[in-house]
Amino acid sequence: MLTLTDEDFRRLVDYMKSNYGINLEKKRVLIEGRLSAIVQNKGFDNFTSYIDYALSDKSGNETITLVNKLTTNHTFFMREPEHFEFLRSTVLPYIEKTVTDKDARIWCAASSTGQEPYTIAMVIDDYFGERRAGWDLKILATDLDTDALKKAKLGVYSEEALSDLPDEWRRKYFNRVDDESYQVKDRIRNEIVYKKFNLMDPIKYKKPFDLIICRNVMIYFENETKNQLIERFYDCTKDGGYLFIGHAENVSKDTRYKYVKPAIYRKLEKVR
């Protein structure tokens, strides 16, 4: 395997931090492991030449490839199930009661390969059932990694990946593709709008969000970057809306969100 020079390592760390807020200072082995094969497959015999090539590619394609390789996409269905229990028991009843135009806004801000937004969509479908008629409950799902987004849109997963889902859900929400894989049914896949988005960019929205879920990505951010992002989330959260973060993450005590329970925060409703 090729070895990163100190200068190459610093270039990549600085590039990812300044452009995407991701701190890879403790990920040198990960960087070497993920990039070695692609460097050699591209015909380079060292990291320096490949990095020069990737960062100077005017088409942007090789830069996208580089960033995709350095982005972590560890996820699975029903991850941190307490969130989905709270979504069903508290958030969705609140939305059903207060969103009078039946146009709810939900954003999964680090969707990875799709297991998280599809879990959200299944919880929503299971909660509303026949009452869903007339509701716009589509989920905006964004990620930086274009390869992950392609996999998410396809919605094909191994039988093992579905092991944490109730048997009823597997029958209700998936079609068998072959002996080893299943695909999310169209009616659930159509409830997700996937888009590439860099969390460092300005957040554009037509209506504030009733729920923002951004889990297990801010652990790679420095405190200042993380706190700035959370405050930008706050600005586009509807009064009374919620923010879910990962259980390994934390929010500054100075945040304008109100703590609800571990990894769950809320923007208080204005007193009228």
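Visitor: Is Ala263 buried or exposed?
Guide: In this predicted model, Ala263 is placed in the loop between E9 and E10. Its relative accessible area is 8%. Buried means under 20% relative accessible area, so Ala263 counts as buried.

Visitor: What is the phi of Ala263?
Guide: Most residues other than glycine have a negative phi. Ala263 is a residue other than glycine, yet its phi is positive, with a value near 70°.

Visitor: Where does Met78 lie, and what is its phi?
Guide: Met78 belongs to the loop between helix H4 (61–70) and H5. Met78 is also a residue other than glycine with a positive phi, and the value is near 60°.

Visitor: How far apart are the end C-alpha atoms of helix H5, and what span should its residues give?
Guide: Helix H5 covers residues 81–98, which makes 18 residues. At 1.5 Å a residue these should span 26 Å. The end C-alpha atoms agree with that expectation, being apart by 25 Å.

Visitor: At which residue does H5 bend?
Guide: The bend in H5 is about 45°. The residue at the bend is among the buried residues of H5, which also include His83, Phe84, Phe86 and Val91. The bend is located at Leu87.

Visitor: What covers the buried residues of H5?
Guide: The buried residues of H5 include Leu92, Tyr94 and Ile95. The cover includes one helix, H6 (115–128), and strands E7 (209–214), E8 (237–245), E9 (258–261) and E10 (264–266).

Visitor: How many salt bridges does the model contain?
Guide: Side chains of opposite charge can pair when their charged atoms come close. A salt bridge here requires a side-chain nitrogen of Lys or Arg within 4 Å of a carboxyl oxygen of Asp or Glu. By this rule the count is 26.

Visitor: How many residues apart in sequence are the parts tied together by Asp103 and Lys207?
Guide: The side chains of Asp103 and Lys207 form a salt bridge at 3.5 Å, N to O. Asp103 is in the loop between H5 and strand E1 (106–108), while Lys207 is in the loop between strand E6 (192–196) and E7, so the pair ties together parts whose separation in sequence is 104 residues.

Visitor: Is Asp103 buried or exposed, and what is the state of Lys207?
Guide: Asp103 has 14% relative accessibility and counts as buried. Lys207 has 26% relative accessibility, and its state is therefore partly exposed.

Visitor: Which residue forms a salt bridge with Arg215?
Guide: The closest N and O atoms of this pair are 2.9 Å apart. Arg215 lies in the loop between E7 and helix H10 (223–235) and its partner in helix H6, so the pair ties together parts 99 residues apart in sequence. Arg215 is buried, with a relative accessible area of 5%, and the partner is likewise buried at 5%. That partner is Glu116.

Visitor: Which residue forms a salt bridge with Arg256?
Guide: The closest N and O atoms in this pair are 2.8 Å apart. Arg256 is in the loop between E8 and E9 and its partner is in helix H10, so the bridge ties together parts 25 residues apart in sequence. Arg256 is partly exposed at 41% relative accessibility, and the partner is partly exposed at 22%. The partner is Glu231.

Visitor: Which residues are joined into one network by salt bridges that share partners?
Guide: The network arises where salt bridges have partners in common. Its members are Arg10, Asp14, Lys17, Glu25 and Glu222.

Visitor: Which residues does Ser111 touch, not counting residues up to four places away in sequence?
Guide: Ser111 is in the loop between E1 and H6. At 0% relative accessibility, Ser111 counts as buried. The residues it touches are Pro117, Ala141, Thr142, Asp143, Leu149 and Tyr194.

Visitor: With which residues is Ala121 in contact, leaving aside its neighbours within four places in sequence?
Guide: Ala121 is part of helix H6. Its relative accessible area is 4%, so Ala121 is buried. The contacts are Ile139, Ile188 and Ile192.

Visitor: What accessible area does the nonpolar patch of Leu154, Val156 and Val177 have together?
Guide: Leu154 belongs to helix H7 (residues 146–154) and is partly exposed, with a relative accessible area of 49%. On the surface, Leu154, Val156 and Val177 together form a nonpolar patch with an accessible area of about 240 Å².

Definitions and conventions. Residues are numbered from 1 along each chain as its sequence is written. This is a predicted model: local features need pLDDT of at least 70, side-chain atom pairs count only at pLDDT 80 or more; totals for chains, interfaces and linings use all residues. Side-chain values use heavy atoms; hydrogens and water are left out. Patches are made of residues with over 30% relative accessible area and no salt bridge: like charges are joined within 9 Å, nonpolar side chains (Val, Leu, Ile, Met, Phe, Trp, Tyr) within 5 Å. Accessible areas come from the Shrake-Rupley method with a 1.4 Å probe; for residues, only the protein chains shown count as cover. Helices (H or I, at least four residues) and strands (E, at least two) are DSSP runs, numbered from the N terminus. Buried means under 20% relative accessible area, exposed over 50%, partly exposed in between (1.4 Å probe, protein chains only). The expected span of a helix is 1.5 Å times one less than its number of residues. The bend at a residue is the angle between axes fitted to the seven residues ending there and the seven starting there. Contact means heavy atoms within 4.5 Å.
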